[in-house]
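Colleague: Could you take me closely through one part of this model, and then through what lies around it? I am new to this, so please explain each term when you use it.

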Amino acid sequence: MRVLFTVWPNPSHLYPVVPLAWALRSAGHEVCVAAHPEISETIAATGLTAVPLGNPHDMPVPAGPGRAYTDERAKVARVTDELDLDATDRELWDTFSQFMLPAMWDFHPYDAPPGEPRPAMDALVAFTRSWRPDLVLWDPCFPGAAVAARDCGSAHARLITAPDWWGWSVDRLAARTAAGAAPGDDPLTRTLGPVAERYGQRLDDELIRGQWTVSTLSEAMSIPVSTPTVRVRWVPFSGQTVMPHWLHPAPERPRVGLSLGLSWRKYLEGGWDHVPELLDAVSTLDIEVVATLNAKQLAGVTRLPDNVRTVNYLPLDQLVPTCSALIHHGGLATYSAAASLNVPQLITDTPEADVLAVQGDEGMGATKHAASPVSVRQVLARGAGLVLDIGSPSSTAMRAQISRVLEEPSFREGAERLREEHLAMPSPHDTVPVLEKLTAQRSNK
């Protein structure tokens, strides 16, 4: 069969789907990945066929939560007030509305007239009409792909690599409408309705949710939603570079990895105030630190400790196996790399702030990573690590937490529990027959 993946144009959206795409190719299926032209070379570097959507000069620059979207956020804030959410539900809704919806608006403008040019969607529909995939697996931050799939009769499913903030929000918005709220105020309807109308379709539940969902998260990390879900193990992949000569053999003293995320540093300007305290915390420990930090993240650092090596980028599946612990921002790709490779984790987070996008003098920032509460809960529940509080960063407190994780055997035991849970999920290879069966049942070609 022919399988088309669509991804929002960032490596953090691409890399998690690569193992499944390769499993499908290895089973003999044709596979393409469609996205904004700026990520085409990155797709091709994974060995997969890239389909650039449109002329790069005509395409919007992807920024997602890094763009202010002031008017759109104000309209969504009014819906937020009406939902009357408790603290737990507010975390889920804020993650969806402040980070995921803005990513959609880059290519599905809020309340846009159906006749307004949509270069990415027009290019995708033209390609699917020509190539005629049997299955479209679409990124929920690029949901117009469901419209393109229906247009050519393909089976289609969401492929999510995070808790299903999208599906949960759809359920809450549906409950709001059922309680008497005007459906036209629904921010998903205002975002996706014009896309469906442009291609002669009616926006319905299936276009919003997909015919089913493929998720790379375990049930323990998932949010209960009403959408059928197929689970596939997250296999760590983050692109490859030539292995640096210093990586092996590992040093005699413990090596600690430090990674604060590719997407966050690309799209958000603020949120790095804790980095100087973090580096000060490790400076007096008898460890080697490999920190994958760029100039933006290091801007506030006046002196780099002698035991810290900084590199702009190093694939986690190269770095993490050499580490005794991994300090990270709570991103799920980083969490999954540590979980699958049996490494204890220290997650930068703060109980003092909700997950919020904030606008500062230099641009958009965030109080903390959108997924960090999810990663924190799972790591703490399994005893696989601790939290480094970045709300009130203290190098002394951070140093004590890092020392505990390195010295106490219980954290290694907890990491092993995470690994066993991770490996219990079906592999990409095992998931291929499930997708074949569902595609045969759902395709209208």
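Modeller: Let us begin just after helix α7, where G153 takes a positive phi of about 80 degrees. Before going further, please keep in mind that this is a predicted model, in which local features need pLDDT of at least 70, side-chain atom pairs count only at pLDDT 80 or more, and totals for chains, interfaces and linings use all residues. Residues are numbered from 1 along each chain as its sequence is written, and side-chain values use heavy atoms, with hydrogens and water left out.

Helix α7 itself covers residues 144-151; helices here are DSSP runs of H or I with at least four residues, strands are runs of E with at least two, and both are numbered from the N terminus. The helix is mostly covered, since six of its eight residues are buried, where buried means under 20% relative accessible area, exposed means over 50%, and partly exposed lies in between, with a 1.4 Å probe and protein chains only. The buried residues of α7 are G144, A145, A146, V147, A148 and A149. These buried residues pack against β1 (2-6), α6 (119-131), β4 (135-138), β5 (155-160), α9 (187-198) and α10 (205-209), contact being taken as heavy atoms within 4.5 Å.

Among these neighbours are three strands that α7 lies across, namely β1, β4 and β5, and the helix runs at about 175 degrees to β4. Such angles run from 0 to 180 degrees between N-to-C directions, and the axes are lines fitted to C-alpha atoms, for helices over the stretch in contact.

The three strands belong to an open sheet of seven strands, which has the order β3-β2-β1-β4-β5-β6-β7 and parallel pairing. At the edges stand β3 (49-52) and β7 (229-231), each with a single partner strand, so one side of each is left without a neighbour in the sheet. On average, and with direction ignored, neighbouring strands of this sheet are turned by 25 degrees against each other. Two strands are said to pair if DSSP finds at least two bridges between them. Beneath the helix we can look at one such pair, β1 and β4, which run parallel and are joined by four bridges, with V136 in β4 as the bridge partner of L4.

For comparison, it helps to turn to some strands elsewhere in the chain. In strand β8 (residues 255-259), five of the five residues are buried, so the strand is largely enclosed by the rest of the structure. In a regular strand the side chains alternate between the two faces of the sheet. In β8, R255, G257 and S259 point one way, V256 and L258 point the other way, and all are buried.

Strand β8 runs parallel to β9 (residues 288-292), to which five bridges join it, and R255 stands opposite E288 in β9. β8 also pairs in the parallel sense with strand β11 (residues 325-328), over four bridges, where L258 has I327 as its bridge partner. From β11 we can step on to β12, since three bridges join these two parallel strands, and I327 has L346 as its bridge partner in β12. Strand β12 (residues 345-349) is mostly covered, with five of its five residues buried: Q345, I347 and D349 lie on one side, and L346 and T348 on the other.
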